[in-house]
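User: I have a model open and would like to understand how its binding sites get their labels. Could you walk me through the reasoning?

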Amino acid sequence: EESSEALNPIKIAETGSHFDQLWDISLRARIDEAMEAGEIYCVYQPKIDTMHNTMTGVEALVRWHDPARGFIPPMHFIAQCEKAGRMEHLTRYVLQSACSAARLMHFRGRTVSMSVNMSATLLGDMRIVGIVRNALQASGFDPRFLILEVTETSRIGDLATASTILNELKALGVRISMDDFGTGAANYETFFELPFDELKIDRLFVSNLAKSQKAKAIAASVVAMGKEARITIVAEGAEDTETLKILNEIGCHYVQGYVLSRPLSLTNLLKFNASDKDDALEA
Ligand code: C2E
Ligand code: MG
Ligand code: MG
Ligand code: MG
């Protein structure tokens with residue numbers, strides 16, 4: 001099936017060079033092996049409460065370092081994973097890594113939440129509930145500290161099914177977050193229909209706060225809506241202190257971004273202190 005796609009000249013013309021296609025096909029073929037070999041792993045980006053200057057949570061972000069190809073951007077290999085029908089498997093792997101990392105954090109006395117990204121395409125099938133339940137049981141991690149960030153919500157096929165699945169997940173005790181809010185990929189209708197506990201303002205708006213009155217107005221209205229609806233609002237992608245100042249001004253106190261910390265290896269995460277400033281390097 002895959003090779004006939006690769007040899008289809010129309011497909012090749014539409015989607016890029018033959019080389020790109022072969023590259024992606026061999027990438028897809030290596031996903032499982034890469035997980036087993038530990039080439040795929042997680043880094044963790046702190047989520048900071050800027051009012052109290054404390055780390056309240058971390059987000060697991062998947063990485064693939066292939067010994068031959070080098071570093072493969074997550075957006076790219078996640079799309080390939082999806083094509084290869086291995087998203088469930090990747091999510092299971094990330095959940096297991098993230099829950100055991102979080103369990104270790106708690107054991108060290110740092111009771112942070114752990115956010116795991118979950119592709120919206122998994123919200124069409126009840127199997128994701130069992131996958132999350134198993135990861136929680138296997139790690140012994142307290143479900144109340146797990147947050148599932150639904151990414152690419154525009155790809156939810158059926159809102160009613162997604163809603164049923166999210167409610168089943170919430171029944172396990174976990175919280176649900178809507179990622180990248182404000183972009184075409186995440187809109188008000190989806191937000192209205194689904195049981196979200198948290199909403200993340202997309203980096204597009206956050207990175208423009210200092211330069212654009214419109215970006216600031218949108219972010220401020222999302223924060224106000226969050227207060228009214230009792231939803232936690234998180235800003236992603238804050239890169240400078242000017243942006244932090246504006247977020248504080250509009251009442252958005254949960255922030256992630258390079259200005260606070262890059263994603264960190266578990267070792268560096270365990271050493272991370274929100275009041276230090278020299279931890280801002282990944283890995
Ligand atoms: P996301 O969930 O919105 O994650 C935030 C992305 O912004 C991450 O990119 C992070 O490294 C980056 N970031 C954080 N702070 C800053 C900043 O101040 N400036 C800039 N320029 N970037 C910042 P990353 O790790 O490349 O991940 C990209 C996307 O890939 C994620 O966006 C998420 O949608 C997806 N992703 C990552 N890990 C997973 C996973 O385990 N499962 C799934 N399904 N998707 C994942
Ligand atoms: Mg995310
Ligand atoms: Mg995000
Ligand atoms: Mg984003």
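Analyst: Happy to; we will go through the ligand site and then the metal ions, bearing in mind that this is a predicted model.

User: What makes R63 a polar contact of ligand 1?

Analyst: The cut-off is 3.5 Å between N or O atoms. A polar side-chain atom of R63 lies 2.8 Å from an oxygen atom of ligand 1, so the pair qualifies. E59 passes too, with a side-chain N or O atom 3.0 Å from a ligand 1 oxygen. At A238 a polar backbone atom is 3.4 Å from an oxygen of ligand 1, which is also within 3.5 Å. As for cover, ligand 1 has 800 Å² of accessible area on its own, and the protein covers 88% of it.

User: Which residues make up the surroundings of ligand 1, and which of them are closest?

Analyst: There are 24 residues around ligand 1, and R63, N117, D179, E239 and Y258 are the closest. By class, ten are nonpolar, six polar and eight charged. The space that ligand 1 takes is the largest pocket.

User: Which element gives the largest share of the shell around ligand 1?

Analyst: That is β2, with four residues. Among the other elements supplying at least two residues each are α5 (87–107), β4 (113–119) and β6 (175–181).

User: What makes E59, N117, E149 and D179 donors of the magnesium ion (ligand 2)?

Analyst: A donor has to be an N, O or S atom within 2.8 Å of the metal. The atoms here are OE of E59, OD1 of N117, OE of E149 and OD of D179, lying 2.0 to 2.2 Å from the ion, so they count as donors. Their spacing in sequence reads E-x57-N-x31-E-x29-D. N117 is in strand β4 and D179 in strand β6, so this pair ties together parts 62 residues apart in sequence.

User: How do you know that the magnesium ion (ligand 3) and the magnesium ion (ligand 2) have a residue that coordinates both?

Analyst: D179 coordinates both ions, which are 3.5 Å apart. The protein donors of ligand 3 are D179 (OD) and E236 (OE), at 1.7 to 1.9 Å. D179 is in strand β6 and E236 in the loop between β8 and α11, so the pair ties together parts 57 residues apart in sequence.

User: What coordinates the magnesium ion (ligand 4)?

Analyst: D180 (OD) and E236 (OE) do, at 2.1 to 2.4 Å, and with a limit of 2.8 Å they count as donors. D180 belongs to strand β6 and E236 to the loop between β8 (232–235) and α11 (241–249), 56 residues apart. The magnesium ion (ligand 4) is 6.0 Å from the magnesium ion (ligand 2).

Conventions
Residues are numbered from 1 along each chain as its sequence is written. Chains are lettered from A and ligands numbered from 1 in the order in which they are written. This is a predicted model: local features need pLDDT of at least 70, side-chain atom pairs count only at pLDDT 80 or more; totals for chains, interfaces and linings use all residues. Side-chain values use heavy atoms; hydrogens and water are left out. A residue is near a molecule or strand if one of its heavy atoms lies within 4 Å of it. A polar contact is a pair of N or O atoms within 3.5 Å; within protein, one must be able to donate a hydrogen and the other to accept it, and residues adjacent in sequence count only if both atoms are side-chain atoms. Accessible areas come from the Shrake-Rupley method with a 1.4 Å probe; for residues, only the protein chains shown count as cover. On a 1 Å grid over the protein atoms alone, a cavity is a set of points where a 1.4 Å probe fits but cannot get out, and a pocket is an open set with protein on both sides within 12 Å along at least five of seven lines; lining residues have an atom within 4 Å of a point. A molecule sits in a cavity or pocket if more than half of its atoms lie within 2 Å of its grid points. Ala, Val, Leu, Ile, Met, Phe, Trp, Tyr, Cys and Pro count as nonpolar, Asp, Glu, Lys and Arg as charged, and the others, Gly among them, as polar. Donors are N, O and S atoms within 2.8 Å of the metal (3.2 Å for Na, K and Ca); water is not among the atoms, so sites may look incomplete.
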